[in-house]
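Work through the exercises below with the model open beside you. Each task is followed by a stepwise solution.

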Amino acid sequence: MLDARSAPAAPPAATRREDYRPPAWAVPEIALEFELGAERTIVRSRLTVERNGDAPLTLNTEAGKILSVKVDGAPVDAQPADDKLVIPLTGAAHVVETETEISPAANTQLMGLYASGGLLCTQCEAEGFRRITPFPDRPDVLSRYRVRMIADKATYPILLSNGDPVGSGDLDGGRHWAEWHDPFPKPCYLFALVAGDLKARKDQFVTRSGRAVDLGIWVREEDLPRTEHAMNALKQSMKWDEDTYGREYDLDVFNIVAVADFNFGAMENKGLNIFNSRYVLADPDIATDADYDAVAGVVAHEYFHNWSGNRVTCRDWFQLSLKEGFTVFRDQQFSADMGSAAVKRIEDVRALRAAQFPEDGGPLAHPVRPDSYIEISNFYTATVYNKGAELIRMMRTILGPEQFRAGSDLYFDRHDGEAVTCEDFVRAMEEASGVDLSRFRLWYGQAGTPRVRAELTHEPGDGRAHLVLEQEVPATPGQPTKKPMPIPIGLALFGERSGEKHEDRLVMLEEARTELVFDGLGERPILSINRGFSAPIIVESNRSAADLAFLSARDDDPFARYEAMQQLMLDTLIASINGGGDHLAVVEAVEQTLRDPALDPAFVGEAVLLPSEAFIGDNLPVVDPEAVHAARESLRRALGEQLEDLWRSAYGSSTANRYELSPAAKGRRRLRTVSLGYIAAASADDAPRMALQQFDEADNMTDRQGALGILVNSHAPERETALDAFYERYRDNALVLDKWFTAQALATRDDTVDSVEQLARHPDFTLTNPNRLRSLVGAFAANQRAFHHESGRGYRFLGEMIAAADKLNPQTAAKLVPPLGRWRRFGEPRAALMRAELQRIVDQPGTSKDVFEQASKSLV
Ligand code: B3K
Ligand code: ZN
């Protein structure tokens, strides 16, 4: 008899990039008919298949009951095995028909066709289409789709699919039908269908060649007023892609649908984007400024995929960054153009450092173009997306904007309608620009964040400075030794006395060690390096606190200015954790920033923020979460106390504004809550009252959530008052209630573990909604001190949540595993406790391959 507690007999098999073979059969046409019902849906599929190789036709199939299979009209007795239906065919072309029964209501994985809040909707990327109907589910099989939907008219009055609507009508029994046709061949991961009682905000966009496109954002009726921002963002995106990349929209309609249960942000299905409602709905009462930015950024991202992803798609899933890295870069550029480019760059780098650097430095490190996977859903990572975007940005920096645009034009024109590789993208850039990118390709294949050590020395006598740059790419799993990378580094030198800029250039660091010589420097130069964050690297330099303070006040590159302040803060915090240093330089630098009238409040709001506890931890050899917390709190208090008047005046000068969404108003709100946070850090007696007043009087969610985020850390009675009021006000709005869970999960109080355990038993907590799960469990795992509670209770809690969520939704459960994989960074007893939790997950009978892959790799 099998031991019920033993690990899976054979670990799930890996798919390797080197094993790629072109498909043996093409499927130029597919006609689908759906008889829709939440409990039971019948899917009839008719594939026109054409021979392309010797192998039999292999259709992927999962989670459906196949009712019949026919080839050229004749029934065949084909049975699926190992989630595949293999159909031997003799000729060059055939028609293959299948009939399958599926149950959307039973689909808790939210992959394939599923039910959400009375709607039926689909999610197919990466491999969900096989859960709808048997098909060669791989991105290099491109087909023209004709989709007919039949449904009860009262329950599902709206029936949407990809492409353009071609017909609709009524049927007996209160049913109706609609048919859609998508003229653009596409891989099945871009298929989509939505049925439900939805209302649309409608608008129109006229493309530069004069095509009128009907736009629709489909939501529940009561949410219609919250769709204006998304619609504006959509129209701006369509215009921006024409102006910036010469890319025009290609269908007569473009629809977006918001759904409440969604595994990630949104999905770029051709002509029918499906969104997590979180990235559609916004009004001042429910959405913060950051939420507004996220809505616009995700709307833009999904829209941009119409070219970078849909018209030109990926050959196989190892090429995921081809579309994701490029599209993230495009949405970053768009947001930078629509608002403050400096603040956007700071936010992007902060996100990269929070998510991608730890990934690159841990057991789940993988190249931007991975070599193998067990479950592809696990590779929708910060490395593929955000580091991938940095690769595109570096190519643009190296080539210059005009050559980069020539490269993207060539890429789109040459590969329109094809499924291609990252290599094809780089080659187009190379051919259009004449720049050799052979060595640059290392960025796609080598994992790990390069470290660059910069040492500047000055010889005052002969006015000469030497800059030695040394790089090291750390070992990562499966890649013990690395080659030096080509790294574009933006450099400038500022005269210490005059503040004058003596140098400003882009240096390509090609070798492990490079030495640069600068002449004519009568005064001591101060080094500004990796300006604009020109490369995704970690810089270590011999710059003093005084040099960093100088740059934080005088560098003309806003990112470098922010960065100098961050480095100064980090150096100070690390010195204090090691028992030394003082706060003076940071206090003075922050004071100077607060007093600089030329600075945009949005920038000031970012620049004066201390690095997060997690980021400080990432910069230590071994993390002691309590010591990190204590050092950071002590610096926060010093800043709060010593600059209290300045915080109060910054706070006061931005109170009287009535709500508007302009960049200036957003900047003022940002600085306002940051200032309030420092006033609270100074333990001012009136801080809880001020925060509650801001909470009560706020005419927008930014101020309200800002105040709540400060109050949750306190022990004052105002904390409960605000939490209760927030709950009562928003208990029926799931998106806002998520914020209530998150605020408490992020609290810095000693009892956060207790309150998070309690919140997991709250009637409004559920494992079935990914947003809710992330709002509590995901946020808690990001709260370094609380999660790494020495007792191991945080690890246990996360392990239990993962195991429970895995039974319903493996993809979303697996996303919660990585925080446990950081055990190497923590001393004992934490490391052993984290490993024990991972081992428990691996040993659990029935663990999904999604979670198994993440947990087993995290143990190594
Ligand atoms: N392409 C989708 C992501 C799909 C994730 C599947 N696990 C959204 C996006 O990146 O635009
Ligand atoms: Zn994307």
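**Exercise 1. The interface of domain 2 and domain 3**

Find the area buried between domain 2 and domain 3 in this predicted model, and say which residues of domain 2 supply the most.

Solution.
- Step 1. Set the bounds. Domain 2 covers 315-445 and domain 3 covers 451-535. Domain 1, at 15-278, is left aside here.
- Step 2. Place the two parts. Their C-alpha centres are 24 Å apart. Domain 2 brings 20 residues to the contact, and domain 3 brings 16.
- Step 3. Take the area. About 1,400 Å² is buried between domain 2 and domain 3. Carbon and sulfur atoms give 67% of that area.
- Step 4. Rank the contributors. R439, L442 and W443 supply 37% of what domain 2 buries against domain 3. No other three residues supply more.

**Exercise 2. Polar links and the make-up of one face**

Which residues form a salt bridge across the interface of domain 2 and domain 3, and which elements build the domain 2 side?

Solution.
- Step 1. Count the salt bridges. The rule finds 1 across this interface.
- Step 2. Look at R439 again. R439 pairs with E510, with 2.6 Å between the closest N and O atoms. This distance satisfies the 4 Å limit for a salt bridge.
- Step 3. Count the polar contacts. There are 6 residue pairs between domain 2 and domain 3, with both residues at pLDDT 80 or more.
- Step 4. Assign the elements. On the domain 2 side, α4 (341-360), α5 (382-399) and α8 (442-445) each give two or more residues. The largest share, 6 residues, is from α4.
- Step 5. Sort by type. This side of domain 2 holds 11 nonpolar, 3 polar and 6 charged residues.

**Exercise 3. The zinc site**

Identify the protein donors of the zinc ion (ligand 2) and locate them in the chain.

Solution.
- Step 1. List the donor atoms. They are NE2 of H301, NE2 of H305 and OE of E324. Their distances from the zinc ion run from 1.9 to 2.1 Å.
- Step 2. Read the spacing. The donor pattern in sequence is H-x3-H-x18-E.
- Step 3. Map the pair H305 and E324. H305 sits in the loop between α2 (289-304) and β21 (313-314). E324 belongs to helix α3 (residues 320-338). The two are 19 residues apart.

**Exercise 4. Links between strands and loops**

Where in the chain do R148 and E179 lie, and what does R40 touch?

Solution.
- Step 1. Start from the total. The count is 84 salt bridges.
- Step 2. Pick one of them. R148 and E179 meet at 3.7 Å, N to O. R148 is in strand β11 (residues 143-152), and E179 is in strand β14 (residues 175-186). They are 31 residues apart.
- Step 3. Turn to R40, in the loop between β2 (25-35) and β3 (41-51). Beyond four places away in sequence, R40 touches E35, E101, I102 and P104.
- Step 4. Add distances. The side chains of R40 and E101 make a polar contact at 3.5 Å. The C-alpha atoms of R40 and I102 are separated by 5.8 Å, with their places 62 residues apart along the chain.

**Exercise 5. Backbone exceptions**

Which residues does each cis peptide bond below join, and what is the phi of A63?

Solution.
- Step 1. Recall the background. Most peptide bonds are trans, and most residues other than glycine have a negative phi.
- Step 2. Check omega. A cis bond joins E125 and A126, with omega about 0°. Another joins E828 and P829, with omega about 5°.
- Step 3. Place them. A126 is in the loop between β10 (119-123) and β11. P829 is in the loop between α25 (810-814) and α26 (830-843).
- Step 4. Check phi. A63 has a positive phi of about 70°. Its loop runs between β4 (57-60) and β5 (65-71).

Conventions. Residues numbered from 1 in each chain as written. Chains lettered and ligands numbered in written order. Heavy atoms only, no water. Domains from an automatic or database assignment. Contact = heavy atoms within 4.5 Å. Buried area = accessible area lost by both parts, 1.4 Å probe. Salt bridge = Lys/Arg side-chain N within 4 Å of Asp/Glu carboxyl O. Polar contact = N/O pair within 3.5 Å; in protein donor to acceptor, adjacent residues only side chain to side chain. Helix = DSSP H or I, 4+ residues; strand = E, 2+ residues; numbered from the N terminus. Nonpolar A, V, L, I, M, F, W, Y, C, P; charged D, E, K, R; others polar. Donors = N, O, S within 2.8 Å, 3.2 Å for Na, K, Ca; no water.
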